[in-house]
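Please open the structure in a viewer and keep the sequence panel in sight. The tour below proceeds by selections, each followed by a description of what is found there.

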Amino acid sequence: MTDDPDAILNQLPARLKAARSAQGLSLDAVAKLSGVSRSMVSQIERGESSPTIATLWNLTRALQVDFAGLLDGAQRPAQIEVLRAGEVPTIHNLGSGCHIRILSPPEEAGKHEVYELLIDAGGCLESLPHTRGAREHLTVIEGSVQLRSGETSSTILTGDTARYPADVPHSISASSDAVRAFLVVQNA
């Protein structure tokens, strides 16, 4: 990496675009993953705008590169990425009594997403239809759920796996006990 700030700023647009291309991500996908607008990502890649540290941080997290990796052209050996339990992103504001741990990497958003669901007794995760052809695969590890997909419903018990269309309204409701389950979403 160079110590010349102008050289760093000159390399940044091309390196961001290369990192995005290497992941096979569109501008829209990077915008969705990073929270940075599509137009801002495009302007940064064209060298028309210099990102703030916060914006650069969001982009590097979405592209799974660090600052040094973004500016250093040398190939790095394969690494094992470990997210400790406390580092796994968790969503607490969807549904009622529902906590969703995001287990899949950001570049899989919309393609093949993996979640751990923790639903309090009586809690529910209700979802609007995903894109046409989307499917979900739910495996209940602890507890039981009432699963609804469109007009169909079924009780899923501990150890059971359900596969169902997710391009219709669907919900996962905990029965009388708390639930722990794994959810795979395809083509969201």
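The stops below begin with the whole chain, then turn to helices, and end with strands.

**The whole chain**

Select the entire protein chain, and bear in mind that this is a predicted model. The chain holds 5 helices and 9 strands. Coloured from the N terminus onward, the elements follow the order α-α-α-α-α-β-β-β-β-β-β-β-β-β. Of the 188 residues, 34% count as buried. Among contacts with a separation of 6 or more, 61% are between residues 24 or more positions apart.

**Helices H2 and H3**

Next, select residues 27–34, which form helix H2, together with residues 38–45, which form helix H3. Two packed helices are described by the angle between their axes and the distance between the axes. Here the axes of H2 and H3 come within 8 Å and cross at roughly 115°. Angles of 65 to 115 degrees count as roughly perpendicular, and H2 is therefore roughly perpendicular to H3. The crossing of H2 past H3 is right-handed.

Now display the side chains at this contact. On the H2 side they belong to Leu-27, Asp-28, Val-30 and Ala-31, and on the H3 side to Arg-38, Val-41, Ser-42 and Glu-45. By class, the residues of this contact comprise 4 nonpolar, 1 polar and 3 charged.

**Ile-44 in helix H3**

Remain on helix H3 and select Ile-44, which lies within it. Is Ile-44 buried or exposed? With a relative accessible area of 1%, Ile-44 is buried, because a residue under 20% counts as buried. Which residues is Ile-44 in contact with, leaving aside its neighbours within four places in sequence? They are Pro-13, Leu-16, Ser-49, Pro-51, Thr-55 and Leu-59. For a distance label, draw a line from the C-alpha atom of Ile-44 to that of Leu-56: the two residues are 12 apart in sequence and 9.7 Å apart in space.

**Helices H2 and H4**

Keep H2 selected and add residues 53–63, which make up helix H4. The axes of H2 and H4 come within 8 Å and cross at roughly 110°. These two helices are therefore roughly perpendicular to each other. H2 passes H4 in a right-handed crossing.

Show the side chains once more. Val-30, Leu-33 and Ser-34 of H2 meet Asn-58, Leu-59, Ala-62 and Leu-63 of H4. This contact has 5 nonpolar and 2 polar residues, with no charged residues. Two of the names have appeared before: Val-30 also takes part in the contact of H2 with H3, and Leu-59 is in contact with Ile-44.

**Leu-63 in helix H4**

Select Leu-63, which is found in helix H4. Leu-63 is buried, its relative accessible area being 2%. Not counting residues up to four places away in sequence, Leu-63 touches Leu-16, Ala-19, Arg-20, Gln-23, Leu-25 and Val-30. Leu-16 is also in contact with Ile-44. How many residues along the chain separate Leu-63 and Val-30? The two are 33 residues apart, while 7.4 Å separates their C-alpha atoms.

**Strands E1, E2 and E3**

Move on to the strands by selecting residues 90–91, strand E1, and residues 96–102, strand E2. E1 and E2 run antiparallel and are joined by 2 bridges. Ile-91 stands opposite Ile-100 in E2. The hairpin of these strands has 4 residues between them, and in it Gly-95 takes a positive phi near 70°.

Extend the selection to residues 112–127, strand E3. E2 and E3 also run antiparallel, with 6 bridges joining them. Ile-100 stands opposite Leu-117 in E3.

**Strand E9 and its partners**

Select residues 179–186, strand E9. E3 is joined to E9 by 8 bridges, and the two run antiparallel. In this pairing, Tyr-115 stands opposite Leu-183. Then add residues 135–142, strand E4, which runs antiparallel to E9 with 7 bridges between them. Here the bridge partner of Val-140 is Ala-181.

**Asn-187**

As the last selection, choose Asn-187 in the segment after strand E9. Asn-187 has a positive phi of about 55° although it is not a glycine. Asn-187 is partly exposed, with a relative accessible area of 45%.

How values were computed. Residues numbered from 1 in each chain as written. Predicted model: local features only at pLDDT ≥ 70, side-chain atom pairs only at ≥ 80, totals over all residues. Heavy atoms only, no water. Buried < 20%, exposed > 50% of the residue type's maximum accessible area, 1.4 Å probe, protein only. Contact = heavy atoms within 4.5 Å. Pairing = 2+ DSSP bridges. Axes fitted to C-alpha atoms, helices over the stretch in contact; angles between N-to-C directions. Parallel < 35°, antiparallel > 145°, perpendicular 65-115°, else oblique. Left-handed = near helix turned anticlockwise from the far one by under 90°. Nonpolar A, V, L, I, M, F, W, Y, C, P; charged D, E, K, R; others polar.
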